[in-house]
Each structure stands twice: as C-alpha cells, then as structure tokens.
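Reader: Please take one part of this model and look at it closely, in connected prose, before turning to its surroundings. I would like each term explained where it is used.

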Amino acid sequence: MAGFILSKAARAFAVLFSTALFVFVVLRFSGDPAERMLGEFATPEAQAAFRTLWGLDKSIPEQFLIYLQHALQGDFGKSYADGRDVFDIIKQSIPKTLTVSVSAFVIAILLGIPAGIVAAIRRDSAVDRLVMATAVLGNSIPMFLVGLIFIFIFAVWLRVLPSSGSSTWRHAILPIATFALYNAASIARFARATLIEVLYQPYIAAARGDGIPPSEIILRHALPNAAIPLVTMLGILATSLLGGTVLVETVFAWTGMGAQFVRAVGQGDLNVVQAMILVFTVFVVTINLTVEILYALLNPKIRSQK
Amino acid sequence: MQRLLTVQDLVVEVPGRNIKILNGVSFSLDAGQTLGLVGESGCGKSMTCYAIGNMLPRGLAQAGGSISFGPGQSGSMRPTIAMIFQDPTSSLNPVHTIGYYLETALYRHQRLKGNDARLEAMRLLERVGIDNAKSRLGAYPHQFSGGMNQRVMIAHALAAKPQLLIADEPTTALDVTMQAQILYLLEELKAETGMALMIVSHDLGVIARLADKAAVMYCGKIVETAPVEQILRKPSHPYARALINCMPSIDPADHEPPVPIPGSVPLLDNLPEGCYYNPRCPRAAGDCFRRFPPLSAVEQAHEVACYHPVAA
Amino acid sequence: MSAPLLETRNLTKGFGQKTGWLAKPKFLYASSSIDLKLNSRERLGIVGESGSGKSTLGRLILGLTPPTDGEIFFEGVNHKNRSTRGWKEFRVRTSLVQQNPLSALNPQMTIGEQISEGLLVHHIAGRAVAHERAAKMLEQVGLPSAMMTRYPHQMSGGQRQRVVIARALILDPKLVVFDEAVSALDVSVQAQVVALLRELWQQRDLAYVFITHDLRVVRHVVDRIAVMYLGRVVETGNIDSVYEWPRHPYTRALLASVPSMDPTIRNIQPPIKGELDVAKIGGGCPFRSRCPFAIEKCATETPVLRTVGNQQVACHRAEEFPRPVQVGREVA
C-alpha cells in the first residue's frame, strides 16, 4: 500500500511540474502583457521599461528557471496590476473560495446521496419520480440562472439575504445554495442509477434469499458496492467544482480565487494567472489522488493486486 | 418419511401481462429425498426454486396455488432451506470477504459470534474441501475460481443446517472435472446430514447421479414425474422421451446421433391451445388440441400429463 | 490430397504478465509446441477445460492473434508470409462460428443483410445475386427464406445460431472453426444444430475444427479429437478409439468425470481432485501436479506425442493403463 501511495504521489508531482512548465510557456505566447496592462496609448519606451521591470525581455527558458528558483522559496512574484505579492493575494482568496466550494460540496453530498438512495429503493414509485424530476430540473437550469433567480427571490423580493459581496456569513448563503443544489441534483441521479444497477446483481438476490432484512441489504451489501463508482464520480465532480467556482463567484461578486482569476486573465497579470493555475492543479491532483486511494480502499479487486 | 414440502397448483405470473412462468405446478418432497427438476430454458424450473425459497424476482408474483411445508426444525412450520446458484462468483458479494460471508450466516442461523464463528467457518470450509481454510477467510470471491466459490456457497448453505438444499444448476458453469468433485461432495453431504435436495439441471447425467425422483417441466407445467430410473429408462411423456433421446452420450458403442426434437419451445405469451407440446408431438390427436392434460398416475409414484402416453 | 489443408508446427502462444513496474514479465503459455494436421473434409475436435488453451488455438489458426513461436500453414501458405491479398482470400476460405449467437449478429441489420454481406464486401456478387444466394443458404440451414427480413431479436437462440452458420458458409469456405458453438443452446436445439452440422458436411467440401468442453456433443460432430491440457495436446486420435481406450491419465479422468445417464452409477470418487494451478507449471509434464501416476521422470522430461495403440499420447506411462471396463466407470 505504501508503495502504491508513493508512486501515485510521484506521478502527481510530475503532473504539477509539467503543468507549470506548459502554462508558463503558453502564457508568454498569449499576447503582450505590456500592451494589456498599460493600455493602447502607452509609448514603446514605457512598454520596454515594463518588460524589463518584470523580466519579460529575457528568453523563456531563462525566465522559467528564475521563476522556479523563486517559487521554490515561496516567492511567486508580484501582481502586474497592483504590485502586491502574488502569494498574499492567493493566501487571501483561497479561504473565500474554499468556504463556498467545500460547504457546497458537503451539502450536495448530504442532500444528493440520500435522495438518490431513496429513489433507488423505491424505484418507479411516486417518491422516485418526484425526486428525479426535481433533480433533472436542477440539472437543466444553468447555475448562473439559478443564482440570479435566488438573488431575485431572496435579496430583491423577500429582502432576507444580501445580493452580492462577501463580507458577512450571510453573504455566503446564496452562493453556497446555488452551487450545492446543482451538484446535489447530479449526485442524486448518479447515486440512484448506480444503486439500482447494484440491486440487480445476483449477489443481492442471493442475500434476499438468505432472509437478510432489506435495511441490512442496502447498508451492508449494496451501498459498499455502489460506493465504488460513486467515489469516482464525486472525484470528477469535485474537480469540476473549480470551474463552477469561477461562475458562482462572478454572479455573486464573491471575492474568491475564481473572481481574481478572471480579472487576472483579462488583464494579462501573468504571475497571478500562473500561480492560480498552479493552485488549481494542486487541488485537482490532490482530489484525484484521494479518489484513487479511496477507490483502492473500497474495491478489494484493486487492493489485492498491489 | 416425513413430508417436507408440498407444492400444489403453483402459479407465478407477470402481473399485467398474460404470461405465466409457472402454470399450475404440483409436486411433493419428503425429508431426505432428492428431487430433480429437468427441462429446457424457460420451462420454469429455476422459478420454482425461487418461489419455494421465497425470492421471486421483482415484478413476478405468486398468483395461485400453495407451497406448504411439513414439520420443520424446533417446532417452527417452515423447514430450514438453503439455496445455491448457477454462477457462484457473481452470487457472492465482491466487497465481502469469505469469512464475513460465512460468519454472518453462522450468526444468523446458529447465533455464533467472534472466535466461535471463525472456527466454525474454518471447519465448514474444510468440510467442503477447501484447504488452508484460515487464510481463505480473509480472501475475496474474485480471488477464487468458480469451483472454489461454489464450495464456499455450499459451506454457506451448510451453516444454516438446512433440511432442504435447493441447487439451481450448481455445476453448469463449472468444468467437468470440477463438476465431478462437487457432485461427489453433494452426495457425501446428503448422506451425512440427511438433508433433502432439490436439484435443477438441464444435464440429465447430473439428475441421474443425484435424484431419487425427477419431474420434467415444459412451459411452466410439470408433464411427468417419476422415480429417476423410470424417467431415464421408460419415460411416458413424449416430450420426456424426446428429451432423453436428444441427449448425446459418450458411449463409443452408441453410434446414434442425438435425435433432434422438431420445432421449438413456444413462447409463454403465445402458447398453443390444449397441450403445449402438441405442435411437436408425433402422438398428438383429439383432446390434445382442446385441453391441457391433467397429471394422472400411470404407475405407483409415476404421473404423466398426457392423453397418449408412451406405454412402458 | 497430399498436402494438408491446415497444419501447425510447434505453435506456441505466450502471454506476458507484468507483476510490477520493474519485474520481468512472466509468460503464461496458452499454447505450447502444438503440431496439428488437418486434411480437407476432415473434422477435428479440440477438447479441454478452461485454461486448456483451446480457444487460443482457434484464434491462432484463424490468424486472429499472432503466435509467439511456430508456424501455421493454410493451403500450404504460411501465415507469416501471407500478403494482404492472401489474407483476404484466407478470410473467404475460412469461417468462425462462436458461442453466443446474439452478440455475433448485428442487432441493427436484417438477417438477409448479414448473410449477404460477405458476398458484397468481397465483391463476389452484386446485390440481387447476393440476396438470392442468402435466401438459398437460409433454407439450407433449415430456416424459411421469409426470415430474410427479420432482425436477430425476433428469433430464438437456435434460429440465430443457424443464421450465424449460414453467414459462415455463404462464401463457401473450406475450413470452419467452431468455438463452443453449441454450448449456449438448449439440449434439443443443440441436437438440431448438431444434425445440421453433420448434414452440411455431407453436402459440401468442408473441414471442421470443433472446439468445445462438451465431451458428449463432440462425439457426433467430429472424426478425430485432440485433448488439450494447459496449452499442450496430451492425446489425439480417432474419436472412437480415444473414447474406447483413452491412454492419457487426463483423458481418462475427463471421460470418467462426465456424469453418466445411468442412475445406478453414483457415489463415485471424483477422478481428479483440485484444479488447474497455473503457478505450478515448470518443466516436465503440465499435468504432473494433479496426476495420480506421476513419477520422477514426469517432472524433468516433458512427454511428447508418440504412438500408443491407435492414437498419439504424450505420457511416459501411457502403456500401463488398461482399457476401461465401461466409459465413465474407471480411471485406472
């Protein structure tokens, strides 16, 4: 098992490194930050000065090496926009993003999985149809629209919650709710389908034949098997949360990483973009690694091969 | 001989559609007896097992007739029934160890826990011919071959100390050399525990080896039931006779190729009028086309559902 | 007929299994040094249990997988030397019928389309002629030509298998390989298909390779038999001779394991205990770990096929085993 984890960790690191390199190179080919930052009316001298200031006049391999050197010491450069340390910018925005996305993810799981289980157990009943219709509806309406609808209902009409910003805990409710509901719908649908497939397996019929009570069949016999594909799906969902963050933060003006990222890309703030992508990569890689480990823990067929 | 099980006019259908998987099945089983159910796919032999074992699949319901049990263990009505299935590996939960599987059964049936359960589980594994029992307890079904998993299922069945073991095509998915081992194991267990056995197989050799009496099924009905030597050597029902003749043999002196039965088994939603076998039967005449013949005795313990049975 | 239709020499197929990143792959031999000859119009049965390598042999013969070593000759041409055009011809002159007729047929195409497809793809006939030939072929396998417009799901298992056979024969092949072709069918349907295979053989210039685990069925389809164990042919000869007096301990055990239809034969000890353990293969005879008659020589010297009685046997002690009193009764 230890060897398994080590080899996966090594692979994760390789992904991180190659992503950093790739993004670095691509960003430097994606247009001139000097132009974007300083605007149309900047003089060529000003642009040249900008490039020298930020080391953009050196060759790309040289830039990368310098970047690596600094990065390994924790210095990710400064924002072209306001000169702040990129490290500080990230330090400030990560907690905001995590608050919304992690809470939303947890709530989505707490809502979605039980809903999916109930729908599966009582398939084709009224409860099943109700739950699934809700889920399909939840999946069909785009998240930004749901967000706007929530803002309209709760902030404009009922006036119980603030519409945007990120100062108090009340500001967090609507973004979390929007995010959570959409993902809960996906989880419910998937959980239902997976559980139904498991329930059709011969070993479940055999367990019924043994006289094992239905509650035990679901809990001890069916769910452990359904958990295997479910964990994989949750992993994919978790990585897609990163994209969703950007959307939700924009709709609600929630100043997390997503919003920062959008700004930085628009402005060509290379250091910020670079660092954010690295952070995203770390998240994705960590999530994938966790999923792989969980999968191995849950699936004896994988365990016995290691 | 105690009567263990009486099935009377059992009907199992698909509700809403006019399909009867079991269409009035009647037979009985005494303690210690072995009954073989023979027939081709779709005849209802597996469904009969599920009905008795109280595990009819979703969507099917018992719509008539009765299953009644004779004296059971410790005063309860229903005898202890255990079941083993055709594909052993997929009948075992892939995330449960063999040990969990056996020990939960031992708790359920014998209230054994902890070390007692573990020791008994090991003893059961050894009894069914699996050595290194201790190390096997922590293993998973996918790590074993089909033959071993079938032994595990038998061990699991034994944990219930069953009075009746229902075996649905237990050796069909196994190699012939493994089949011989499992059949021998079942013979030994029968002799040791005195349990009754209901065995379903399309292989008449398996029925010949294990059964005391046999019932031949066709389209959800039993068409003949008799002691096994009579079914195999002097079958009365034309279908039973045809079925025996179309089984190939390995006897090199027997150069007769298997005799095919003309036509094919009718679909359950499109059964012929009268006796279901009449389109393929060389003896069909008169009443055969009007009413399905009732089971009637031709000899002691030998019943046939036919208006023109083949004479002995 | 001097040159055999099909010949294999020292045919070997190994599958490498990696046990870890850096470990050297362990080779599992599905086939080891197989020498077979099949003449036109001969019918050869290949029997064995799971792990015997019989299916792999079928695929090697048909060029569906390349050998690790050894050669396969069809109509005198080595598979290794076959040109692209040669392979096309090979596909016309050989056919495969497999176990599961439902998955062997395309659910989206009609029966008629599927049978005539071969003729069209190989440009042997135009649409109209192909259709006509397909209808005739359908009747030859015992199905009414009205079924040309049906879809696979509208037919029974036995009917589908007949369609697969029709499709296999439409191009007039010289060799048909059957891989467990009747194993998934009900007994009565099996009997029908077996009768069909016998009839078709009478009417045409066909050779069969019939791969199966069913020792009963194979008797009525083939003339010769080859018994395989762990990738090796352990006994081969005329099927009646082999069944009457099997010379290899495995063949004897195999035949003795088939449950007899005689209800008085009961409570017999299983002829072999245990099961195939791939890990135990080393030098010598592949069967020695389960053989009740194994001696020292069996571990050091791999037995080769040699003539004993009326057949070829790969066993050092083949001469010692007497004719069984009755098939299915005795092992020794």
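Author: B:G36 stands opposite B:I199 in β7(B), a position within the pairing of strand β3 (residues 34-38) and strand β7 (residues 196-201) of chain B, which run parallel and are joined by 5 bridges. The model is a predicted one, in which local features need pLDDT of at least 70 and side-chain atom pairs count only at pLDDT 80 or more, while totals for chains, interfaces and linings use all residues. Residues are numbered from 1 along each chain as its sequence is written, and chains are lettered from A and ligands numbered from 1 in the order in which they are written. Strands (E, at least two residues) and helices (H or I, at least four) are DSSP runs numbered from the N terminus, and two strands pair if DSSP finds at least two bridges between them.

Both strands belong to an open sheet of 8 strands with mixed pairing, whose order in chain B is β5-β6-β7-β3-β8-β9-β11-β10. At its edges stand β5 (81-84) and β10 (296-299) of chain B, and because each has a single partner strand, one side of each is left without a neighbour in the sheet. Neighbouring strands of this sheet are turned by 20° against each other on average, direction ignored, the axes being lines fitted to C-alpha atoms and angles in general running from 0 to 180 degrees between N-to-C directions.

Chain B also touches chain A, which has 13 helices and 0 strands. Here 14 residues of chain A are in contact with 16 residues of chain B, contact meaning that the C-beta atoms of two residues, placed from the backbone, lie within 7 Å. On the side of chain A that touches chain B, α9 (202-209), α10 (214-252) and α13 (300-303) of chain A each supply at least two residues, and the largest share, 6 residues, comes from α9(A). By class, this side of chain A has 6 nonpolar, 5 polar and 3 charged residues, where Ala, Val, Leu, Ile, Met, Phe, Trp, Tyr, Cys and Pro count as nonpolar, Asp, Glu, Lys and Arg as charged, and the others, Gly among them, as polar.

Within chain A, the domain assignment, which is automatic or from a database, gives domain 1 (2-72) and domain 2 (86-303). Their centres, taken over C-alpha atoms, are separated by 32 Å, and 16 residues of domain 1 are in contact with 14 residues of domain 2.
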